[in-house]
Amino acid sequence: MASPKEGFLTDEQREVLKIASQNADILSSSPKSPTGLSSLLPEHNNNKGGRTASGSNTVRHVRRSHSGKLVRVKKDGGGGKGTWGKLLDTGSVVQLDRNDPNYDSGEEPYQLMGAIVSSPLDDYKKAVVPIIEEYFTAGEVEQAASDLKDLGLDEFHPYFIKKLISMAMDKHAKEKEMASVLLSALYADVITASQISQGFIILLESAEDLAVDVLDAVDVLALFIARAVVDDIIPPAFLNRAKKVLPENSKGLRVVETAEKSYLSAPHHAELVERKWGGSTHLTVEEVKKKISDLLKEYVQNRDTAEACQCIRELGVPFFHHEVVKRALTLAMETKSSQSDIFKLLKEAAEEGLISSSQMIKGFSRLAESLDDLTLDVPSAKAIFQQFLPEAISEGWLDPSFRPSDSSRDSEDVEEEKKRRYKEESLTIIHEYFLSDDISELIRSLEDLASPQYNPIFIKKLITLAMDRKNREKEMASILLSALGMEFLSSDDIVNGFIMLLESAEDTALDILDASNELALFLARAVIDDVLVPLNLDEIGNKLPPNCSGSVTVCMARSLVSARHAGERLLRCWGGGTGWAIEDAKDKITKLLEEFESGGDVGEACQCIRDLAMPFFNHEVVKKALVMAMEKQNDRILDLLQECFLEGLITLNQMAKGFSRVKDGLDDLALDIPDAREKFALYVERAKQNGWLLSSFALVPSDGPPPV
């Protein structure tokens with residue numbers, strides 16, 4: 001029985017319906033096809049008898065155009081003249097005549113047109129170009145900052161740094177200066193510190209491309225980086241971080257090295273960098289800082305708040321008012337009598353809207369970050385700062401949301417994280433050294449860490465690891481300390497490292513039963529290897545609590561050093577091993593110097609020193625050469641030092657260390673060589689004239705001038 005939807009159909013119509021159902025999927029998949037049976041059989045719904053208006057049993061075929069109209073299609077002349085084609089003809093193409101008076105453009109098939117879709121980053125890069133060009137033309141810092149904020153794409157600000165500097169590089173000194181001033185203005189308020197660092201990294205990575213258009217790109221980029229360091233918008237540590245991420249021999253790496261060596265290492269580098277782009281129409285950051293200091297000093301003297309506010313306003317640098325806040329608070333700390341006047345000025349400036357809330361917070365934040373340095377001049381700086389806060393907040397000129405304690409805690413967390421990472425990396429370096437016995441590679445690894453403040457931690461880790469290993473590693477640790485010596489570690493680093501070790505001696509003894517004796521041997525061996533002097537043992541002992549385990553260890557070390565044949569016994573304390581390299585080297589140095597003094601060849605002597613393959617121990621060559629020249633009254637030995645220096649065989653550091661060791665032992669030498677001081681003074685003068693020693697080298701120990 002037919003379903004209700006079929007109505008009363010003839011057998012022929014049912015057969016047609018069956019065929020239509022089988023082809024439903026094909027028909028529905030075409031946008032030009034009818035979407036249902038009702039479209040295929042339009043007249044059927046109006047003729048329940050199943051016949052067309054003309055009385056025939058044919059079903060009229062239609063298609064729906066994109067305009068929604070039904071278009072009747074004639075197919076292959078099926079059905080004869082005047083009919084609508086064969087049933088279910090779906091493959092026909094309707095040709096529309098645009099000249100037809102009844103032509104409807106809506107019946108034309110759709111055509112998909114390709115279009116380029118731009119990303120937000122591309123839009124940002126295009127949008128900042130007119131902002132930068134307008135800034136270079138008008139010089140309006142506030143307008144540029146406002147336009148940048150209005151973009152609402154803060155996450156792309158590192159690319160603004162790149163675009164700004166790359167555009168300034170191809171312009172005059174005025175635009176370069178303006179770019180640096182703008183970066184300093186946007187720092188923290190618009191662009192975060194991390195974004196500025198990231199922007200400079202992107203810039204360094206594209207140095208190769210920039211050099212194609214700007215011939216002196218390396219030097220100009222180096223100056224921009226140096227200026228950013230001087231202006232306190234990137235930290236000096238940025239240079240070391242950049243070196244780690246830039247490929248070797250890249251122009252970006254050359255930029256960092258140029259900034260470090262040519263600009264930031266020069267005397268008075270801040271003034272040099274600030275005035276490098278002289279002739280700018282804008283005040284440099286350094287000039288603004290000086291003007292701020294002058295107006296604050298004048299205000300403290302005359303206490304005229306209105307005049308001081310007017311001077312701040314006339315500076316025309318609202319983006320730099322945080323410097324006013326920082327310097328004013330610093331002055332209040334240094335001169336307590338001016339505190340109330342300073343607070344009055346800052347309150348007045350805040351109430352007038354002269355110094356914005358964000359600039360006030362930024363000034364307090366910068367002061368909080370520099371408290372550690374400030375305590376060197378004002379010991380109670382941290383306590384005074386904590387007193388400033390509640391008063392400033394209660395008077396309403398500092399936002400209550402400011403939380404310096406959180407900032408301090410964050411700073412401490414960052415410091416702890418850096419220290420933790422350093423410990424992990426130093427452990428890896430020490431393990432690799434114990435495997436490879438490569439001192440040069442270890443020194444390079446330590447230089448890459450760029451954390452000299454943690455050198456005592458490295459010493460503690462080195463000796464602690466060595467104590468838990470075999471004699472070979474203990475000997476290697478002592479050799480390494482001697483190698484690092486003055487070449488990499490200062491005497492303070494070594495002393496502090498041993499103090500840290502001895503302070504934790506009781507904890508170390510829980511894991512290493514013989515820790516106290518082992519530490520005593522390491523201390524004594526350091527004295528024998530000239531890493532420490534005997535007086536350092538007293539210095540270390542005085543910094544430890546009396547009667548503690550560490551103090552007992554220091555006493556044991558003194559006994560070991562003062563015993564007969566202490567040198568020979570301590571050099572063999574780890575059973576020989578690689579430690580004999582030092583003693584052998586000393587013997588070989590003595591023999592080669594004696595051979596040279598008796599008429600040997602300079603080139604051969606240099607080759608012997610080179611064959612020792614212990615560049616970290618060349619200070620011993622210097623020491624023995626100077627002493628032998630005094631004893632033998634033969635200054636020809638100094639010609640060997642001259643040649644070694646010219647060939648780069650003995651470095652300035654090694655030369656200075658050798659002279660320093662002789663200087664420290666002049667009192668003992670004078671017992672055997674009465675004119676030792678006069679001779680040494682002549683040797684120092686000769687070394688300075690020939691460039692072996694820096695002119696800053698002290699001629700004699702601090703206990704008095706040499707006899708003339």
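Which residues are linked with Asp232 in a network of salt bridges? They are Lys289, Glu323, Arg327 and Arg366. Keep in mind that this is a predicted model.

## Salt bridges

That network is a good way into the charged pairs, and a search of the whole structure turns up 24 salt bridges. Side chains of opposite charge can pair when their charged atoms come close. Take Lys243 and Glu260, whose side chains meet at 2.5 Å, N to O. This pair links distant parts of the chain, with Lys243 in helix α11 (residues 237–245) and Glu260 in helix α12 (residues 251–263), 17 residues apart. Lys243 is partly exposed, at 28% relative accessible area, and Glu260 also counts as partly exposed, at 22%.

Glu620 and Lys624 make another bridge, at 3.5 Å from N to O. Both sit in helix α33 (residues 618–632), 4 residues apart, or about one turn of the helix. Glu620 counts as buried because its relative accessibility is 2%, under the 20% cut-off. Lys624, at 24%, counts as partly exposed. Then there's Arg472 with Glu473, where the closest N and O atoms are 3.4 Å apart. Here Arg472 is partly exposed at 38%, while Glu473 is buried at 10%.

## Aromatic pairs

Now for the rings: the structure holds 11 aromatic pairs. One of them is Phe343 with Trp397, an edge-to-face pair with 5.2 Å centre to centre and 75° between the planes. The two come from distant parts of the chain, 54 residues apart: Phe343 is in helix α17 (residues 339–351), and Trp397 is in the loop between α20 (381–394) and α21 (404–436). Phe343 is buried at 3% relative accessibility, and Trp397 is buried at 4%.

Tyr422 and Tyr454 form a tilted pair, with 5.2 Å between centres and 55° between the planes. Tyr422 lies in helix α21, and Tyr454 in the loop between α22 (439–449) and α23 (455–467), 32 residues away along the chain. Both tyrosines are buried.

Back to Phe343 and Trp397 for a moment: they belong to one aromatic cluster together with Phe364, Phe385 and Phe388.

## A negative patch on the surface

On the surface, Asp170, Glu208, Asp209 and Asp213 gather in a patch of negative charge. Glu208 is in helix α9 (residues 207–213) and is partly exposed, with a relative accessible area of 40%.

## A glycine to look up

Finally, find Gly567 in helix α30 (residues 566–571). Gly567 is partly exposed, at 27% relative accessible area. Gly567 and Ala524 are 43 residues apart in sequence and 9.3 Å apart in space, C-alpha to C-alpha.

Terms used: Residues numbered from 1 in each chain as written. Predicted model: local features only at pLDDT ≥ 70, side-chain atom pairs only at ≥ 80, totals over all residues. Heavy atoms only, no water. Patch = residues over 30% accessible without salt bridge, like charges linked within 9 Å, V, L, I, M, F, W, Y side chains within 5 Å. Areas by Shrake-Rupley, 256 points an atom, 1.4 Å probe, with all protein chains shown as cover. Salt bridge = Lys/Arg side-chain N within 4 Å of Asp/Glu carboxyl O. Lys, Arg positive; Asp, Glu negative; His and termini not counted. Charge placed at Lys NZ, Arg CZ, Asp CG, Glu CD. Buried < 20%, exposed > 50% of the residue type's maximum accessible area, 1.4 Å probe, protein only. Phe/Tyr/Trp six-rings, centres within 6.5 Å; stacked < 30°, edge-to-face > 60°.
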